[in-house]
Amino acid sequence: MKVTVLAGGVGGARFARGVREHARRSGDIERIDVVVNTGDDWWLAGVRIWPDHDSLLYTLAGENDDERGWGRRGESERVAAELQAWGVTPPWFTLGDLDLGTHLARTAWLRAGETPSQVARRLGTRWDLGVTLHPATDDEIDTHVVVEGGDRMHFQEWWTRHRASLPAIRFEHAGIAKASPAPAALAAIGAADVVLVAPSNPVVSIGPILAIPGMRDALRRAPAPVVGVSGIIGGAAVRGMADSCLAAIGVETDAAAVARHYGARSRGGLLDGWLVAEEDAASGPALTADGIPSVAVPLWMRDADTSARLAADALAHASTLRADARRA
Ligand code: GDP
Ligand code: CA
């Protein structure tokens with residue numbers, strides 16, 4: 001079986017690690033592809049930074065700093081101090097030395113004319129990831145945030161400097177109208193037996209992927225069932241600030257509200273199925289009536305076991321949906 005996952009950074013990485021762990025235990029997954037959000041990407045100090053891609057890369061490589069939750073383990077910040085002394089990076093964004101090595105390598109390859117997809121392929125060969133990472137697009141679609149009062153800033157400034165505390169009015173992607181999905185990302189969606197939407201931030205991680213012209217169509221046409229996992233548990237965004245993002249687009253911080261925001265694939269939306277936490281089980285029947293059959297399972301990814309279990313539950317739900325579709 002081939003599994004393709006749509007994902008952002010930290011939540012996406014935990015989930016992708018769970019799919020890989022389940023693959024190792026069950027032996028019935030031959031291939032895992034991850035279509036990665038590129039909306040968080042930006043240029044800083046002359047280098048191209050891919051936060052979500054690198055969270056996935058480091059986590060799957062076992063190189064992630066698990067205590068901090070992001071960046072490289074054993075990281076130092078000597079260069080960062082110099083960059084800040086020169087005023088080339090702002091005090092609220094620290095580029096670790098090891099991490100900077102990744103950004104320099106990436107930027108060198110990009111400057112040599114490689115596409116982001118080609119660069120991702122190179123970055124993916126250093127460690128045995130067990131997963132192939134694909135930028136959702138080869139075009140630059142960096143997310144910008146328009147806040148109350150009309151100021152517009154790069155997503156990283158809003159997220160990292162202001163901790164998503166400035167009320168956002170909307171999210172924009174410069175250049176998105178001319179962007180297209182990366183061919184390798186499209187191929188992974190088309191070839192999948194199951195497409196899983198990670199419990200990533202629906203607005204700024206999954207949102208930019210879906211906003212790329214042609215991506216929604218590709219997902220609607222995909223022969224595989226599309227099953228999503230809620231990142232909202234009991235009305236709260238676990239380990240994240242998804243609530244500030246959802247508020248900006250007028251969606252309640254609630255698992256069922258997010259499912260309806262994605263929409264039923266049978267009615268022009270994204271999802272064939274949805275996984276909610278057990279405490280949100282009561283929303284199931286109404287979602288099923290809205291064309292999004294839902295199951296309630298443990299959603300916390302605390303370790304390899306719980307993450308693998310969640311991946312197994314998502315795949316089991318997908319195979320039930322496929323069997324139902326065959327019977328219909
Ligand atoms: P980011 O790009 O680093 O912000 O990470 P993502 O967008 O991939 O994921 C962030 C989201 O993951 C958070 O807003 C949470 O809703 C979700 N999340 C984090 N940990 C867990 C978990 O253990 N279980 C579930 N279901 N969701 C989680
Ligand atoms: Ca992100």
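**Exercise 1. Find the strand in which H144 is found, then describe the surroundings of this residue.**

*Solution.* Step 1: H144 belongs to strand β6, which spans residues 143-147; helices (H or I, at least four residues) and strands (E, at least two) are DSSP runs numbered from the N terminus. The model is a predicted one, in which local features need pLDDT of at least 70, side-chain atom pairs count only at pLDDT 80 or more, and totals for chains, interfaces and linings use all residues. Residues are numbered from 1 along each chain as its sequence is written, chains are lettered from A and ligands numbered from 1 in the order in which they are written, and side-chain values use heavy atoms, with hydrogens and water left out.

Step 2: H144 counts as buried because its relative accessibility is 16%. Buried stands for under 20% relative accessible area, exposed for over 50%, and partly exposed for what lies in between (1.4 Å probe, protein chains only).

Step 3: Apart from residues up to four places away in sequence, H144 touches R152, M153, H154, F155, R170, F171 and E172, a contact being heavy atoms within 4.5 Å.

Step 4: A polar atom of the H144 side chain lies 3.2 Å from the backbone oxygen of D142. A polar contact is a pair of N or O atoms within 3.5 Å; within protein, one must be able to donate a hydrogen and the other to accept it, and residues adjacent in sequence count only if both atoms are side-chain atoms.

Step 5: The C-alpha atoms of H144 and V204 are 10.0 Å apart, with their positions 60 residues apart along the chain.

**Exercise 2. State where F171 is found and which residues it is in contact with.**

*Solution.* Step 1: F171 sits in strand β8, residues 168-173. Step 2: Its relative accessibility of 15% is why F171 counts as buried. Step 3: With neighbours within four places in sequence set aside, F171 is in contact with T143, H144, V145, W158, V203, V204, C245, A248 and I249. Step 4: Between F171 and H154, 17 residues apart along the chain, the C-alpha separation is 9.7 Å.

**Exercise 3. Is helix α11 enclosed or open, and which of its residues are buried?**

*Solution.* Step 1: Helix α11 covers residues 255-262, and six of its eight residues are buried, so the rest of the structure largely encloses it. Step 2: The buried residues are A255, A256, A257, V258, A259 and Y262. Step 3: At the start of α11, a side-chain oxygen of D254 comes within 3.1 Å of the backbone nitrogen of A256. Step 4: Just after the helix, G263 adopts a positive phi of about 85 degrees.

**Exercise 4. Examine A45 and A164, each with a positive phi.**

*Solution.* Step 1: Most residues other than glycine have a negative phi. Step 2: A45, which is not a glycine, has a positive phi of about 50 degrees, and phi of A164 is near 55 degrees. Step 3: A45 is in the loop between β3 and β4 (47-49), while A164 is in the loop between α6 (155-161) and β8. Step 4: A45 is partly exposed, with a relative accessible area of 34%, whereas A164 is buried at 6%.

**Exercise 5. Identify the protein donors of the calcium ion, ligand 2.**

*Solution.* Step 1: Donors are N, O and S atoms within 2.8 Å of the metal (3.2 Å for Na, K and Ca); water is not among the atoms, so sites may look incomplete. Step 2: The protein donors are D40 (OD), D52 (OD) and D52 (OD), at 2.1 to 2.7 Å from the ion. Step 3: This pair, twelve residues apart, links distant parts of the chain: D40 lies in the loop between β2 (31-36) and β3 (42-44), D52 in helix α2 (residues 51-61). Step 4: Both D40 and D52 are buried.

**Exercise 6. Describe the backbone contacts and the shell of ligand 1.**

*Solution.* Step 1: An oxygen atom of ligand 1 is 3.0 Å from a polar backbone atom of P199. Nitrogen atoms of the ligand lie 2.9 Å from a backbone N or O atom of S230 and 2.7 Å from one of L299. Step 2: The protein covers 94% of the 590 Å² of accessible area that ligand 1 has on its own. Step 3: Of the 19 residues around the ligand, S200, S205, G231, V238 and R239 come nearest, a residue being near if one of its heavy atoms lies within 4 Å. Step 4: The shell divides into seven nonpolar, ten polar and two charged residues. Step 5: Helix α1 (residues 10-26) supplies the largest share of the shell, three residues.

Note on methods:
Accessible areas come from the Shrake-Rupley method with a 1.4 Å probe; for residues, only the protein chains shown count as cover. Ala, Val, Leu, Ile, Met, Phe, Trp, Tyr, Cys and Pro count as nonpolar, Asp, Glu, Lys and Arg as charged, and the others, Gly among them, as polar.
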